[in-house]
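Below are some notes on the model, set out as numbered points. They go from one local side-chain arrangement to the chain as a whole and then to its interior.

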Amino acid sequence: MQKPYNIELSTERNQPVDTNIKLCQGDNNITFNINISDFDLTGNTVKIVFTQASGLSVENRAIVNSDKKSCTYNIVGNELQSPGKVIADLKIYDSNNKRLSSACFIFYVDIDSLNDNSFPPSSYSGSLESALEECRDATQEALEAVQKVVNIANNLATTEEGFALDARQGKVLNDKITTLNESLVTKNITITATNNFTHAGLCIKKLGRCVYYYVITVGNTVPIETLVTVGTFDTAHAPISFASSLGAKDSTSQLIHVLAYSDGTIKIGNYSGASLVAGSTIFGTLIWDTN
């Protein structure tokens, strides 16, 4: 197991802390021990938004340690999808999910020459391999049974020697293959704008994951500390749990939360410290897992 990385942060510091930590795509068993000496974490939760060089953002929760001055974060893997600089925005919330403070640090991800970056393999390989394994096993059973021509089994579970596969199992196998093939097809998902907001960009679904490349134009002024519904989509493609990303406003450094919910709504949260005026444009990428 690798030695954990120790990171010192302060909620009073305005600029991100450059840790000079270098990781690689596909790394695992990586732990960040984050010390926040100027803030008491008693009764609070800590979440970290990782904004990668490609613009992809993911949010995961850290574990508050017993000293209430530090937290531990274990790298999941989706934080390392894009090579380059990663900005980790640590946010502290109270029991009512109100943000109290934040701090920021930077680390770097080197490219994995064995990874083509098309989709994170860990998210899909298990289900794909399982389905293919079932097909291989059923085919082998059928071949052995035909050679012996003794008995017929109308299932895909018989392991006893001397049984042929019933023809009715052909439909079962075909349904499994159809389901697998459908999951490999890229589907376009329609986002319907609400509250005078307009949407451009593209939302696609493939292998149980939706990727929304959004360009959202603000319809009405959005005050600070406000969450507004800006669009809807078919709940058949809704996230298993809500997803969020940080979108950039126009060409400024102002960052806006963009969120997808299980009820099929897209919302923006303005926690940037300044109002969003009508006509402003927010752009970025939002990714979520779906059924």
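1. Over the ring of which residue does the charged end of Lys 47 sit? The ring is that of Tyr 93, and the charged end of Lys 47 is 5.4 Å from its centre. A further case involves Lys 267, whose charged end sits over the ring of Tyr 261 at 4.8 Å from the ring centre. These values, like those that follow, come from a predicted model.

2. On the overall make-up: the chain contains two helices and 19 strands. It has 291 residues, of which 38% count as buried. The exposed area of the chain is about 15600 Å², with carbon and sulfur atoms supplying 51% of it. Among contacts with a separation of 6 or more, 62% are between residues 24 or more positions apart.

3. On the aromatic residues: the count of aromatic pairs comes to eight. One of them joins Tyr 5 and Phe 32 edge-to-face, at 6.1 Å centre to centre and with 70° between the planes. This pair links distant parts of the chain, since Tyr 5 lies in strand E1 (residues 5–9) and Phe 32 in strand E3 (residues 31–36), 27 residues apart. The angle of 70° is over 60 degrees, so the pair counts as edge-to-face.

4. The two partners can also be described by their exposure. Tyr 5 is partly exposed, with a relative accessible area of 25%. Phe 32 has a relative accessible area of 0% and is therefore buried. Both belong to one aromatic cluster, together with Phe 50, Tyr 73, Phe 105 and Phe 107.

5. On the nonpolar interior: the largest nonpolar core has 28 residues, and Phe 32, Ile 34, Leu 90, Phe 105 and Phe 107 are those with the most contacts inside it. At least two residues of this core come from each of E1, E2 (17–24), E3, E4 (45–51), E5 (57–64), E6 (70–74), E7 (84–93) and E8 (99–110). Nonpolar side chains tend to be buried together in soluble globular proteins.

6. Which residues does Phe 105 touch, leaving aside those up to four places away in sequence? They are Ile 7, Leu 9, Pro 16, Val 17, Thr 19, Phe 32, Ile 34, Val 86, Ile 87 and Ala 88. Apart from the largest core lies another, of 24 residues, including Ala 260, Ile 266, Ile 268 and Ile 282.

Notes
Residues are numbered from 1 along each chain as its sequence is written. This is a predicted model: local features need pLDDT of at least 70, side-chain atom pairs count only at pLDDT 80 or more; totals for chains, interfaces and linings use all residues. Side-chain values use heavy atoms; hydrogens and water are left out. Helices (H or I, at least four residues) and strands (E, at least two) are DSSP runs, numbered from the N terminus. Buried means under 20% relative accessible area, exposed over 50%, partly exposed in between (1.4 Å probe, protein chains only). Contact means heavy atoms within 4.5 Å. Accessible areas come from the Shrake-Rupley method with a 1.4 Å probe; for residues, only the protein chains shown count as cover. Rings of Phe, Tyr and Trp (its six-membered ring) pair if their centres lie within 6.5 Å; planes under 30 degrees apart count as stacked, over 60 as edge-to-face and the rest as tilted. A charge sits over a ring if NZ of Lys or CZ of Arg is within 6 Å of the ring centre and within 35 degrees of the ring normal. A nonpolar core is a set of buried Ala, Val, Leu, Ile, Met, Phe, Trp, Tyr and Cys residues joined through side-chain atoms within 4.5 Å.
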